[in-house]
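Q: Got a minute to walk through this one with me? Let's pull it up.

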Amino acid sequence: MAGVIQSAETKMKKSVEDLKNEFQTLRTGRASASIFDRVTVDYYGQQTPLNQVATISVPEARLVVIQPWDKSLLNEIERAIQKSELSVNPNNDGKVIRINIPPLTEERRKEIVKYAKDMAEKHRVAVRNIRREANDELKKLQKDGELTEDDEKRDMDEIQKRTDKYIETMNSLLEEKEKEILEV
């Protein structure tokens, strides 16, 4: 059934997009506003993403400037960044927070690459699970007489092709991210 294939492909695309988003939050040697995407700040008792309470800019290759819209949040933002796993040191001057992004040590780069590989593997497993679910659905349709054996085989082959395509895309994303992380 085309619906089964379409549904599986939609889920696989979401998995690839999710991996891209997770890779953006990984710290590389360069400054990037997206590394703060997972940092949340206590904003009047509510955990709020940092980018919703402040402007995050990257004026230089190794500098990030965070300017809160509400100056009373400076200390909260500083605390949230220190609690995050980013290993950066925020400098609060009373108006903005400046963060110098130090070059990564070789050991830290390897840790981040290992983490990226784990992320990619989880997403590849998710794509394989989507394939399995789609194949199970096709088998059920064939068993219920809604699909011929030939159609089932053809659709399973199509799902396998799409699975291979999305796993290859994930492998390429991982390769690019690895190069970016290891680049000195």
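The chat below goes through the sheet, a few single residues and the pocket.

Q: Ground rules before we start?
A: This is a predicted model: local features need pLDDT of at least 70, side-chain atom pairs count only at pLDDT 80 or more, and totals for chains, interfaces and linings use all residues. Residues are numbered from 1 along each chain as its sequence is written, and side-chain values use heavy atoms, with hydrogens and water left out.

Q: OK, the sheet. What's the strand order?
A: The order is β3-β4-β6-β5, in an open sheet of four strands with antiparallel pairing. Strands here are DSSP E runs of at least two residues, and helices are H or I runs of at least four, numbered from the N terminus. Two strands pair if DSSP finds at least two bridges between them.

Q: Which are the edge strands?
A: β3 and β5 (90-92), each of which pairs on one side only.

Q: How much twist is there from one strand to the next?
A: It averages 25°. Axes are lines fitted to C-alpha atoms, for helices over the stretch in contact, and angles run from 0 to 180 degrees between N-to-C directions.

Q: Take me through the pairings. How many bridges join β3 to β4?
A: Five, with β3 covering residues 54-60 and the two strands antiparallel. A hairpin of two residues connects them. E60 faces L63 of β4 across the pair.

Q: And on the other side of β4, what links β4 and β6?
A: Four bridges, again antiparallel, with β6 spanning residues 97-100. Two opposite pairs show the register: V64 with I99, and L63 with N100.

Q: Then how many bridges join β5 to β6?
A: Three, and that pair is antiparallel too. N92 stands opposite I97, while P90 stands opposite I99.

Q: What's in that hairpin?
A: Four residues lie between β5 and β6, and G94 has a positive phi near 95°.

Q: Is β4 mostly covered or uncovered?
A: Mostly covered. Five of the six residues in β4 (63-68) are buried. Buried means under 20% relative accessible area, exposed means over 50%, and partly exposed is in between (1.4 Å probe, protein chains only).

Q: Which residues make up the covered face of β6?
A: I97 and I99. The uncovered face has R98 and N100.

Q: What does α2 lie across?
A: β3, β4, β5 and β6. The helix runs at about 165° to β5.

Q: Switching to single residues. Where is R62 found?
A: In the loop between β3 and β4. R62 counts as partly exposed because its relative accessibility is 35%.

Q: What does R62 touch?
A: Leaving out residues up to four places away in sequence, R62 touches G29, A31, I99, N100, I101, P102 and P103. Contact means heavy atoms within 4.5 Å. Of these contacts, I99 pairs opposite V64. G29 is 33 residues from R62 in sequence and 7.9 Å away in space, C-alpha to C-alpha.

Q: Now the helices. Is E9 buried or exposed?
A: Buried, because its relative accessible area is 10%. E9 sits in α1, residues 2-24.

Q: And which residues does E9 touch?
A: R162, K165 and Y166, not counting residues up to four places away in sequence.

Q: What about A120, buried or exposed?
A: Also buried: A120 counts that way because its relative accessible area is 0%. A120 is in α3. With the same four-place exclusion, A120 touches L19, F23 and L174.

Q: How far apart are A120 and P68?
A: They are 33 Å apart in space, C-alpha to C-alpha, and 52 residues apart in sequence.

Q: Last topic. How much space lies in the largest pocket?
A: About 470 Å³. On a 1 Å grid over the protein atoms alone, a pocket is an open set of points where a 1.4 Å probe fits, with protein on both sides within 12 Å along at least five of seven lines. Grid points are joined across faces, edges and corners, and the volume is the space filled by probe spheres set on them.

Q: Which residues lie nearest its centre?
A: T25, R38, S84, E85 and L86, out of 20 lining residues. Lining residues have an atom within 4 Å of a point.

Q: Which elements give two or more residues to the lining?
A: β1 (40-43), α2 (74-83) and α3 (106-143). The largest share, four residues, comes from α3.

Q: And how do the lining residues divide by type?
A: Eight nonpolar, four polar and eight charged. Nonpolar covers Ala, Val, Leu, Ile, Met, Phe, Trp, Tyr, Cys and Pro; charged covers Asp, Glu, Lys and Arg; the others, Gly among them, are polar.
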